[in-house]
Structures are given as structure tokens and as C-alpha cells.
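What follows is a guided reading of how the helices and strands of one chain are arranged against each other, taken pair by pair and sheet by sheet.

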Amino acid sequence: MNKIYLTSLFSLCILFISCDKVLLDEELPNTPKSNFESIWGEFQAKYGLFQIKGIDWDSVYQVYEPQLENTSPDAELYAVLVDMLAGLDDSHVALVPTDQEFPFFQSGIVGQIDEIDDFDLEVLKNNYLTDAKFADPFFTYGMLEGDIGYVHVEGFSDSPANLEAPMDEVLEALKDAKGIIIDIRGGYGGEDFAGQYIAGRFTDQRRPYMRTRVKSGPGAEEFTDFEDWSIEPEGEFQYLKPVVVLTHNYTISARETFGLALKVLPGVIFVGERTAGAFSNQINREMPNGWGYSLSIGDWRDAEGVSHEGIGLIPDIEIKNTKSDLLEGKDMVLEKAIELLQ
């Protein structure tokens, strides 16, 4: 069984625009105190979720800054930063030390997962899909028993202009299916615009689904104005029959905003586990000692203004695969979705 390690997935995320890498603008001395001040200050200026999560960042400073001296060893700096960032409970927050003595750290529910052992696309291809095919850049699709279509979306890294042809291919092949299962387990994040386009292939009218704003300064209320997002019919034709969406704890970032778009479609059912609860775009920064870190820069909400950060999207039917299920060639989440569409 293929195993997907989360550090590799995080590295993939850095390649995409929602994980924009920007270095510090000014040189700071490489001391434990300065390193702490640099990361705390960047969060103060750019982290978009303190209000949503009910966190007083000044109080956090008072707890952790006194634990360090300029003579503190790197191990103490690492421990203090990990404790501080863990309190954010945000899977878009990570610490990437350059010293291999200190492991990569990721906050939130994703940081608690060593490997993805509840999903394996090869199990589906080998045991469920009839004549599995791949549409570049990231769609695996085919038919399941009972005249049901299936499409797995590996990522959201391409622009809408490049998605029309592959989506035409997928939906042309599955147009006679009585229902389609859209699988957003595994894979990586990417561009919200990609998910917006894909969801538009499943709607017959314009539907608002998300509001976003970005932190614009250090003040608690300093944000850009909210931008409203909607889906509308895309491409020459749309699939308007029943849809079931599969999720798990590592469904994160652009995969979750895609989930928000699908949730506004009538009759769509979500099956699996709650998602990671990390919707906002993230940026990457570098401390004076060269260690990297990431942070969420915005406030992403559904169309009703409700934030799901740190909570995730809760499925209509909660079910989880076990590692032994996959080793036996079974995907119980998929089987429940098939049952619903029969």
C-alpha cells in the first residue's frame, strides 16, 4: 500500500501560490531572543485568525518570551516555538528547522497525523474502478458498480483556463452515470480559483459560497474588505445529477474551500471525516537563524459569514477507513457513498 508522508505533502504545498515564500525584509541578529521576536512580530502583523480563535497574542508573548535568554540553546528555542505555535491549532502553521536534530512541526489536526493510512488511490483503482483513466493535470476518473461515476481530484494547482478541457473529458465520460462521487481525500492544496471553476461544472445557477479577507496590518481590526466568492455554470455543459463528496482529516486548504463550494449545491452529501479546518491562504517566512515557518494570513468564511477554521467541514455521514481495511483492498468510505447513490 502506498503511504503519503505529510512532510512531503507540506513541501508540495510550498510550490503553489497559496504558499507564497517571502523572506524577512531586514537583517536581525541571530539570537534566541531575536528569533522569537521576529516570528512573534510577523504573526502579530499578518496572522488573520486571532479573533476567530479567541487568542490574545500579547498574552502569549508574556507567557513565552521570558522563557528564553540570548544564551539559550537551539533546543530551548525550538521547544518554546513549538509550544507557542501548537496553541494556534492551525494546520497552516508550521515550523521548519534547518537543523535535522529538530523535526518539522505542524500545528492543528494535520500535525497529529504521521502518515495518511486511511486512503490509497491505488486500492480504488485496483478494486473498485472500471478502466480507471487520468485527465491531466490531476483527475483520476472512471465508473463504479451500479452506474456510478467517480473522480478523484489530486490538487488545485492549475488555473481555470487550463481545466476546461480535462473537465470536459471527465464529465463526457461520466455524463450517463446516475450519480458521481467526488473524492477530495489525499493530495495537496493550491488555488481557490481552481476549485471555484471545478464546482461550477456541477451547478445550474450562480451560488455564493465564500467570503475572504486578508490581514493588512498589526491592529486587530486591520483587514482588507471582504471579497465575495460565487460559483456559476462553467464550461459548455454541467453535471446536475446527485453528487457525494468524500473527505478526511487531511482534506485541507484549497480542498476545503472547494468543499465550501460543493456544500451550497442542492442535495450534495458529504461522507467521511471532518476536514482539517485550515482554509486561509498561508505565507512562508524565515527567521534570522534560517529556520522557516508558515502562517495563515486571512479570514476565510462561508457565504453566511461562519468561519470553519480549526473546526473543519463536518460530513453528513461520518465514517473512517482503517489501515487494515485498505490492506484488505477495501475502502469503506467509498462503499458507503456507493450505497447512497444506488
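In this predicted model, a convenient place to begin is a pair of helices, H8 (residues 192-200) and H9 (residues 254-263), whose axes come within 8 Å and cross at roughly 30 degrees. Because angles under 35 degrees count as roughly parallel, H8 and H9 are therefore described as roughly parallel to each other. The crossing in which H8 passes H9 is right-handed. On the H8 side the contact is made by Asp192, Gly195, Ile198 and Ala199, and on the H9 side by Ala254, Thr257, Phe258, Ala261 and Leu262. Sorted by class, this contact of H8 with H9 comprises six nonpolar residues, two polar residues and one charged residue.

These two helices lead on to a sheet. It is an open sheet of three strands in the order S11-S10-S16, and the pairing within it is antiparallel. Strand S11 (227-231) and strand S16 (298-302) are the edge strands, each of which pairs on one side only. Neighbouring strands of this sheet are turned against each other by 20 degrees on average, if direction is ignored. Strand S10 (residues 207-214) is joined to S16 by five bridges in the antiparallel sense, and within this pairing Arg211 has Arg301 of S16 as its bridge partner. H8 lies across S10, S11 and S16 and runs at about 35 degrees to S11. H9 also packs on the sheet, touching S10, S11 and S16, with a direction that makes about 145 degrees with that of S10.

A second open sheet has seven strands, in the order S6-S7-S8-S9-S12-S13-S17, and here the pairing is mixed. Its edge strands are S6 and strand S17 (317-318), each pairing on one side only. At the S6 end, strand S6 (residues 130-135) and strand S7 (residues 139-144) run antiparallel and are joined by four bridges, while a hairpin of three residues connects S6 to S7. Within this pair of strands, Phe134 stands opposite Thr140 in S7. Elsewhere in the sheet the parallel sense appears, for strand S9 (residues 179-183) and strand S12 (residues 243-247) run parallel and are joined by four bridges, with Leu246 in S12 as the bridge partner of Asp183. Helix H7 (residues 164-174) lies across S6, S7, strand S8 (148-153) and S9, and it runs at about 5 degrees to S7.

Another helix pair can be read in the way the opening one was. H2 and helix H5 (residues 74-86) pack at an angle of about 20 degrees, and their axes are 11 Å apart; that angle makes H2 roughly parallel to H5. The crossing of H2 and H5 is right-handed. From H2 the contact draws on Pro32, Asn35, Phe36, Ile39, Trp40 and Phe43, and from H5 on Leu77, Val80, Leu81, Met84 and Leu85. By class, the contact of H2 with H5 has ten nonpolar residues and one polar residue, with no charged residues.

Phe36, one of the H2 residues in that contact, also leads to the aromatic pairs, of which the structure holds 16. Phe36 and Tyr61 form one such pair, with 5.8 Å from centre to centre and 55 degrees between the planes, a geometry classed as tilted. This pair links distant parts of the chain, since Phe36 lies in helix H2 (residues 32-46) and Tyr61 in helix H4 (residues 57-64), 25 residues apart.

Methods. Residues numbered from 1 in each chain as written. Predicted model: local features only at pLDDT ≥ 70, side-chain atom pairs only at ≥ 80, totals over all residues. Heavy atoms only, no water. Axes fitted to C-alpha atoms, helices over the stretch in contact; angles between N-to-C directions. Helix = DSSP H or I, 4+ residues; strand = E, 2+ residues; numbered from the N terminus. Parallel < 35°, antiparallel > 145°, perpendicular 65-115°, else oblique. Left-handed = near helix turned anticlockwise from the far one by under 90°. Contact = heavy atoms within 4.5 Å. Nonpolar A, V, L, I, M, F, W, Y, C, P; charged D, E, K, R; others polar. Pairing = 2+ DSSP bridges. Phe/Tyr/Trp six-rings, centres within 6.5 Å; stacked < 30°, edge-to-face > 60°.
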